[in-house]
Amino acid sequence: MMMSPSPIGDLHIQTCAEGQNWPSMLEIVDDVSNRSLLRHVDQVLIDDDLLAVVASRSHRHQLGFVKIILVTGAQGSCVRLHLWDNDSPIQEDVHSHCANFHSRVVVGSFVENAFALLTGNDYTHFRYHFDENLGHSVANTEGKTNIKLSRSRKLNTGDIYTKSAKDLHNVTLVSQGTITVSAWGTRDTEAVVLKTNGASAEDCSIQVGMSSTDLRNYLIRIKERMLTI
């Protein structure tokens, strides 16, 4: 049986009544000691079958970071680990999301920039959603647009924040090795991504999945980094 929505700040994210429940997902994010998060990482590392399942739903995101779906719940809710491991992080596209989320910087830092849309022609505006059957996002071109920076803030180790799916933002100045953990509600809206002119809808898509070996290596690196905090 599905429970009623649970408010987080001014957001309402659907709770779960099967699989991992929503309060336990929030506990993983809010537990700054990382004990809950480390337990879940260890569970994946010691169970080859679970490792394969988590690997099948994880990938390197088009925005540059490694995205690991560590825990799943009802109707698409999940807990994600993000790892920014590149020597030269990819400049993130300005984007929104398909779901609300609650997140913590486990270790590292970045600058989050919030934007508003303006009339103009500097960017190509895409609207996209995740297609479960295809295993990747599907995008449609919405025309041209401009943006205006409305706020920037630096987030550091231990900072906790909540975002609405509709918020238009990106992150910049990511310190190498930054890790975040986040609890995501059900995908219930299309998202937006803005790319420089010349991009196509195919540039918004990336296939999901990685090898169990790659996932194991990422999780070991993430665990080692958490244990040094």
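Asn34 sits in the loop that joins helix H1 (22-30) to helix H2 (35-46). Helices here are DSSP runs of H or I with at least four residues, strands are runs of E with at least two, and both are numbered from the N terminus. The model is predicted: local features need pLDDT of at least 70, side-chain atom pairs count only at pLDDT 80 or more, and totals for chains, interfaces and linings use all residues. Residues are numbered from 1 along each chain as its sequence is written, and side-chain values use heavy atoms, with hydrogens and water left out.

**Two loop residues with positive phi**

Asn34 is not a glycine, yet its phi is positive, near 70°. Leu173, in the loop between E11 and E12, also has a positive phi, near 50°. Are these residues buried or exposed? Asn34 counts as buried, at 4% relative accessibility. Leu173 is exposed, with a relative accessible area of 69%. Buried means under 20% relative accessible area, exposed over 50%, and partly exposed in between, with a 1.4 Å probe and protein chains only.

**The chain as a whole**

The protein chain has four helices and 13 strands. Of its 229 residues, 51% count as buried. Its accessible surface is about 10800 Å², and carbon and sulfur atoms hold 49% of that. Areas come from the Shrake-Rupley method with a 1.4 Å probe; for residues, only the protein chains shown count as cover. Among contacts with a separation of 6 or more, 78% link residues 24 or more positions apart. A contact means heavy atoms within 4.5 Å.

**Three buried residues**

| Residue | Place | Relative accessible area |
|---|---|---|
| Val54 | helix H3 (residues 48-56) | 0% |
| Cys98 | loop between strand E6 (94-95) and E7 | 11% |
| Thr178 | strand E12 | 0% |

Val54 and Ile68 are 14 residues apart in sequence, and their C-alpha atoms lie 7.2 Å apart. Beyond four places in sequence, Val54 touches Val44, Ile68, Ile69, Leu70 and Leu215.

Cys98 and Ala165 are 67 residues apart in sequence, but 5.7 Å apart from C-alpha to C-alpha. With residues up to four places away set aside, the contacts of Cys98 include Tyr128, His129, Ala165 and Arg187.

Thr178 has partners including His82, Leu83, Trp84 and Arg225, leaving aside neighbours within four places. A polar atom of its side chain lies 3.1 Å from the backbone nitrogen of Ser109.

**The largest pocket**

How much space lies in the largest pocket? About 750 Å³. A pocket is an open set of points on a 1 Å grid over the protein atoms alone, where a 1.4 Å probe fits, with protein on both sides within 12 Å along at least five of seven lines; lining residues have an atom within 4 Å of a point. Its volume is the space filled by probe spheres set on the points, which are joined across faces, edges and corners.

The lining holds 41 residues, and the closest to the pocket centre are His61, Lys67, Arg80, Trp184 and Arg187. Elements that give two or more residues include strand E4 (66-72), strand E5 (78-84) and strand E12 (178-184). E5 gives the most, with four residues. By class, the lining has 17 nonpolar, 18 polar and six charged residues. Ala, Val, Leu, Ile, Met, Phe, Trp, Tyr, Cys and Pro count as nonpolar, Asp, Glu, Lys and Arg as charged, and the others, Gly among them, as polar.

Notes. Polar contact = N/O pair within 3.5 Å; in protein donor to acceptor, adjacent residues only side chain to side chain.
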